[in-house]
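Student: Could you take me through one part of this protein up close? I'd like to look at its main nonpolar core, and then see how the rest of the chain sits around that.

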Amino acid sequence: MDQIDHQILSILHDNARITISEMSRIIAMSQPAVTERLRKLEEQGVIAGYRAELSLSKLGKNATAFVLFKSSNCKEFEAFSEAAPEIVDLYRTSGEYNYLLKIVTETSETLESFLEKCHTFGFSSTLVVLSTRFEDKLFSRIFPNKA
């Protein structure tokens, strides 16, 4: 990947709905050249998909928590987790806990109720999010000063 690929990724990271013609103007390349680079980045799996960024609060999801979870039955817990809409991210971890979960619910009461359901699979330590300073800064962390 070169500087132009990094520019393309940075532009897409900021606005995945940008048109090829607008991206071409920003990068100062022809539309076919930008289209070809996008196709290659997709084929290589560098671009894995395009998504809308949703406002959780506008969707009524006002409680976010990170949960460290220890289960003695990982397969059952993973099946439960996949089916649970409250769990938006699930990471398998090393150490004392098997998993790190990101949970989003309507209120702290619905968070508490959901955690009670989880306890049939093991025990947890919960960190409630008070506020968010930033999220999804992956690109700028991987390629600092490249965009």
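Tutor: Let's start with what we'll be counting: helices are DSSP runs of at least four residues and strands are runs of at least two, numbered from the N terminus. On that basis the protein has 6 helices and 4 strands. Keep in mind that this is a predicted model. Walk along the sequence and you meet the elements in the order α-α-α-β-α-β-β-α-β-α. The radius of gyration is 20 Å, well over the 15 Å that the globule rule gives for 147 residues, so the protein is more spread out than a compact globule. You can see that in the C-alpha trace too, which spans about 55 × 30 × 25 Å along its principal axes.

Now for your core. The largest nonpolar core has 16 residues, and the members that touch the most others are Phe69, Phe77, Leu101, Ile103 and Phe114. Four elements each supply at least two of its residues: strand E1 (63–71), helix H4 (74–83), strand E3 (99–105) and helix H5 (108–118). The largest share is from H5, with 4 residues.

Zoom in on Ile103 for a moment. Setting aside neighbours within four places in sequence, Ile103 is in contact with Ala63, Thr64, Ala65, Val67, Glu86, Ile87, Leu111, Phe114 and Leu115. Apart from this core lies another one, of 11 residues, including Ile8, Ile18, Met23 and Ile27. We'll get back to that part of the chain shortly.

Thr64 was on the Ile103 contact list, and it's worth a stop. Thr64 is found in strand E1. Is Thr64 buried or exposed? The cut-off for buried is under 20% relative accessible area. Thr64 has 15%, so Thr64 is buried. Leaving out neighbours within four places in sequence, Thr64 is in contact with Lys102, Ile103, Val104, Leu127, Val128 and Val129.

Next, have a look at strand E4 (residues 122–128), where you'll find Ser125. Partly exposed means a value between 20% and 50%. Ser125 has 28% relative accessibility, so Ser125 counts as partly exposed. With neighbours within four places set aside, Ser125 is in contact with Phe66, Val67, Leu68 and Tyr97. Tyr97 is 28 residues away along the chain, yet the C-alpha atoms of Ser125 and Tyr97 are separated by 9.1 Å.

One more stop on this side: Thr107 sits in the loop between E3 and H5. Its relative accessibility is 32%, so Thr107 counts as partly exposed too. Thr107 also makes a handy ruler for the model. Leu41 is 66 residues away along the chain, and the two C-alpha atoms are separated by 40 Å.

So much for the main core; let's move over to the start of the chain. Ile4 belongs to helix H1 (residues 3–14). With 24% relative accessibility, Ile4 counts as partly exposed. Not counting residues up to four places away in sequence, Ile4 touches Ile27, Met29 and Arg37. Arg37 lies in helix H3. Beyond neighbours within four places in sequence, Arg37 is in contact with Asp2, Ile4, Asp5, Ile8 and Met29. Ile8 is one of the residues of the other core.

Between helix H2 (20–27) and helix H3 (31–43) there's a loop, and Ala28 is found in that loop. Phi of Ala28 is near 65 degrees, a positive value in a residue other than glycine. Ala28 counts as exposed, because its relative accessibility is 68% and the cut-off for exposed is over 50%.

How far apart in space are Arg37 and Glu109? They are 48 Å apart, C-alpha to C-alpha, with their positions 72 residues apart in sequence. Ile4 and Ser57 give another long reading: 36 Å apart in space and 53 residues apart in sequence.

Finally, step back to the whole protein. Of its 147 residues, 28% count as buried. Residues 24 or more positions apart account for 63% of the contacts with a separation of 6 or more. The accessible surface comes to about 10,100 Å², and 52% of that belongs to carbon and sulfur atoms. As for charges, there are 17 positive and 20 negative ones, and their mean positions are 5 Å apart.

Key:
Residues are numbered from 1 along each chain as its sequence is written. This is a predicted model: local features need pLDDT of at least 70, side-chain atom pairs count only at pLDDT 80 or more; totals for chains, interfaces and linings use all residues. Side-chain values use heavy atoms; hydrogens and water are left out. A nonpolar core is a set of buried Ala, Val, Leu, Ile, Met, Phe, Trp, Tyr and Cys residues joined through side-chain atoms within 4.5 Å. Buried means under 20% relative accessible area, exposed over 50%, partly exposed in between (1.4 Å probe, protein chains only). Contact means heavy atoms within 4.5 Å. The radius of gyration is taken over C-alpha atoms; the globule rule is 2.2 Å times the number of residues to the power 0.38. Accessible areas come from the Shrake-Rupley method with a 1.4 Å probe; for residues, only the protein chains shown count as cover. Lys and Arg count as positive and Asp and Glu as negative; His and the chain ends are not counted. The place of a charge is taken as NZ of Lys, CZ of Arg, CG of Asp or CD of Glu.
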